[in-house]
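The following text walks through one protein chain, from its overall layout to individual residues. Please keep the sequence and the coordinates in view while reading.

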Amino acid sequence: LVINVLNHFSDCLDVVQFITSQQGTSLLQDSAGYTYLKNRNIESRIYWKCGKYSKFKCPARVTTDGEFFVNFSSKHNHAPPENT
């Protein structure tokens, strides 16, 4: 599933995919290769935080409601992965 979104908060957040990690964890991945982990669910909304939050304390966040994007907040404070 690939979703095109309007880019309001990040230069690289133009296409995002729902993917599954090798460990079976649900992730979002943008076109630059940044990944987002599920942070919490409240009803149909899912709050995602940058997959590098623990390493870099990255403030980047995404909120989805079903398959729709509701909110993007903050830019990443680190470079995207090189193997994208």
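The paragraphs below start with the chain as a whole and then turn to a hairpin, a salt bridge, a ring contact, two loop residues and a buried histidine.

The model is a predicted one. Its chain contains one helix and seven strands, and along the sequence these elements follow the pattern β-β-β-β-β-α-β-β. The helix therefore has five strands before it and two after it in that order. The chain has 84 residues, of which 32% count as buried. Its accessible surface comes to about 5,500 Å², and carbon and sulfur atoms account for 48% of that area. If contacts are restricted to residues at least 6 apart in sequence, 25% of them join residues at least 24 apart.

Strand pairing can be followed in β3 and β4. Strand β3 covers residues 26-30 and strand β4 covers residues 35-42; the two run antiparallel and are joined by three bridges. One position to look at is Gln-29, which stands opposite Thr-35 of β4. Together β3 and β4 make a hairpin, with four residues between the strands. The turn includes Gly-33, whose phi is positive, at about 100°. As background, side chains in a regular strand alternate between the two faces of the sheet.

Beyond the hairpin, the next topic is charge. Side chains of opposite charge can pair when their charged atoms come close. How many salt bridges does the structure hold? The structure holds one, and it is formed by the side chains of Asp-65 and Arg-45, with an N to O distance of 3.7 Å. Asp-65 belongs to strand β6 (residues 61-65) and Arg-45 to strand β5 (residues 45-50), so the salt bridge ties together parts that lie 20 residues apart in sequence. Both partners fall between the cut-offs of under 20% for buried and over 50% for exposed: Asp-65 is partly exposed, with a relative accessible area of 26%, and Arg-45 is partly exposed as well, at 32%.

Another arginine makes a contact with a ring. Arg-40 lies over the face of Tyr-47, at 4.5 Å from the ring centre. As for rings that pair with each other, the structure holds one aromatic pair.

The backbone has two further residues to inspect, both in loops. Glu-43 has a positive phi, near 55°, although the residue is not a glycine. Glu-43 sits in the loop between β4 and β5, and with a relative accessibility of 80% it counts as exposed. Lys-57 likewise has a positive phi near 55° and is a residue other than glycine. Lys-57 is placed in the loop between α1 (53-56) and β6. At 54% relative accessibility, Lys-57 counts as exposed because the threshold for that class is over 50%.

The last stop is His-78, in the segment after β7 (68-73). Is His-78 buried or exposed? His-78 has a relative accessible area of 12% and is therefore buried, since buried means under 20%. Which residues does His-78 touch, not counting those up to four places away in sequence? The residues touched by His-78 are Tyr-34, Cys-50, Lys-52, Phe-56 and Cys-58. Of these, Cys-50 falls in strand β5 (residues 45-50), and Phe-56 falls in α1 (53-56).

Conventions. Residues are numbered from 1 along each chain as its sequence is written. This is a predicted model: local features need pLDDT of at least 70, side-chain atom pairs count only at pLDDT 80 or more; totals for chains, interfaces and linings use all residues. Side-chain values use heavy atoms; hydrogens and water are left out. Buried means under 20% relative accessible area, exposed over 50%, partly exposed in between (1.4 Å probe, protein chains only). Contact means heavy atoms within 4.5 Å. Two strands pair if DSSP finds at least two bridges between them. Accessible areas come from the Shrake-Rupley method with a 1.4 Å probe; for residues, only the protein chains shown count as cover. A salt bridge is a side-chain nitrogen of Lys or Arg within 4 Å of a carboxyl oxygen of Asp or Glu. Rings of Phe, Tyr and Trp (its six-membered ring) pair if their centres lie within 6.5 Å; planes under 30 degrees apart count as stacked, over 60 as edge-to-face and the rest as tilted. A charge sits over a ring if NZ of Lys or CZ of Arg is within 6 Å of the ring centre and within 35 degrees of the ring normal.
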